[in-house]
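Here is a quick tour of one protein chain, from its overall build to its packed interior and its empty spaces. Have the viewer open as you read.

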Amino acid sequence: MLEKLPDVVGHALREQRAGIEKTVYRQLDLRAGTAAITLTSLAFGDHAPIPALYTADGAGHSPPLAWSGVPVAARSLLLIVEDADAPTPQPLVHAIAVDISPHETGLSEGALKSPDHEGEGVKTGRNSYLGKSWLPPDPPPGHGVHRYAFQIFALAEGEAFSGTPGRDAVVDTLRDRAIASGCLIGTYERPDTAIKVGKGTTRNAAIGMENMT
């Protein structure tokens, strides 16, 4: 959807980013004195590019994930994926998966429901577009590199989630029950197709400024 935006929009919003410090993993900060979960993917390395297959420029399936180090006290796992560089006040939520068995060691490719794909029946919450599915990375052209934080949390004893929880409900529960966490960062950027016409100015941006005068 955002691939159709003109580059001038991405350039205009380039400095507007939610910030990695606003992701759930950073906000809760369970790293000190608690167990750490190792989260990896066969599709990309930490802080490495996410293949287009898993984005809005490809099939849009959720990527494969694997984890280890879940504490024995865990009674369920929760996954939340956020775009830390979205031009929004808070990170954009791309997926929430709840009530994952603590005995699971990962999610296969396409496990989460996504556009034109039914997934594997994983219980999901709401993404930022209010969908109960994986929202493929879809950064505005010309906005630069976006960091997508795949965050896994181990939860202590408690009730299962009811309905399809959003970010606020998930954070409230994690504050009460999270006992361990892990994070994997994947990146994605849409190529800047604007033609440079001068220092710090692109052809699309120049046209946009002309149209506003």
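## Overall build

Helices here are DSSP runs of H or I with at least four residues, and strands are E runs of at least two, numbered from the N terminus. Counted that way, the chain has four helices and eleven strands. Keep in mind that this is a predicted model.

How much of the chain is buried? Of its 213 residues, 47% fall in the buried class. The accessible surface adds up to about 10,400 Å², with carbon and sulfur atoms owning 53% of that. As for contacts with a separation of 6 or more, 76% of them link residues 24 or more positions apart.

## The nonpolar cores

The largest nonpolar core takes in 25 residues, and Leu39, Leu65, Trp67, Leu79, Phe150 and Ile152 have the most contacts inside it. Five strands supply at least two residues each: β4 (65-68), β5 (76-83), β6, β8 and β9 (178-188). The largest share is that of β8, with four residues.

Trp67 is a handy place to start looking around. Setting aside neighbours within four places in sequence, Trp67 touches Ile37, Thr38 and Leu39, then Leu77, Ile100 and Ile152, plus the run Glu104, Thr105, Gly106 and Leu107. Apart from the largest core there is another one, made of 16 residues, including Tyr25, Ile80, Phe161 and Leu174.

## The enclosed cavity

How many cavities of 30 Å³ or more does a search of the whole structure find? Just one turns up, and the largest cavity holds about 40 Å³ of space. Its lining is made up of Ser62, Pro63, Leu65, Leu79, Val81, Leu107, Ser108, Ala111, Leu112, Trp134 and Phe150.

By class, that lining has nine nonpolar residues, two polar ones and no charged ones. Some names come back here: Leu65, Leu79 and Phe150 line the cavity, and they are also among the residues with the most contacts inside the largest core.

## The open pocket

If you're after an open site, the largest pocket has a volume of about 290 Å³. Two strands, β6 (92-100) and β8 (146-155), are the elements that give two or more residues to its lining. So far as the core goes, β8 also appears there, with four residues.

In total, 23 residues line the pocket, and Ala56, Tyr129, Leu135, Pro136 and Asp138 lie nearest its centre. The class split for the pocket lining is 14 nonpolar, six polar and three charged, whereas the cavity lining has no charged residues.

Conventions
Residues numbered from 1 in each chain as written. Predicted model: local features only at pLDDT ≥ 70, side-chain atom pairs only at ≥ 80, totals over all residues. Heavy atoms only, no water. 1 Å grid on protein atoms, 1.4 Å probe; cavity = no way out; pocket = protein on both sides within 12 Å on 5 of 7 lines; lining within 4 Å. Points joined across faces, edges and corners; volume = space filled by probe spheres on them. Nonpolar A, V, L, I, M, F, W, Y, C, P; charged D, E, K, R; others polar. Buried < 20%, exposed > 50% of the residue type's maximum accessible area, 1.4 Å probe, protein only. Contact = heavy atoms within 4.5 Å. Areas by Shrake-Rupley, 256 points an atom, 1.4 Å probe, with all protein chains shown as cover. Core = buried A, V, L, I, M, F, W, Y, C linked by side-chain atoms within 4.5 Å.
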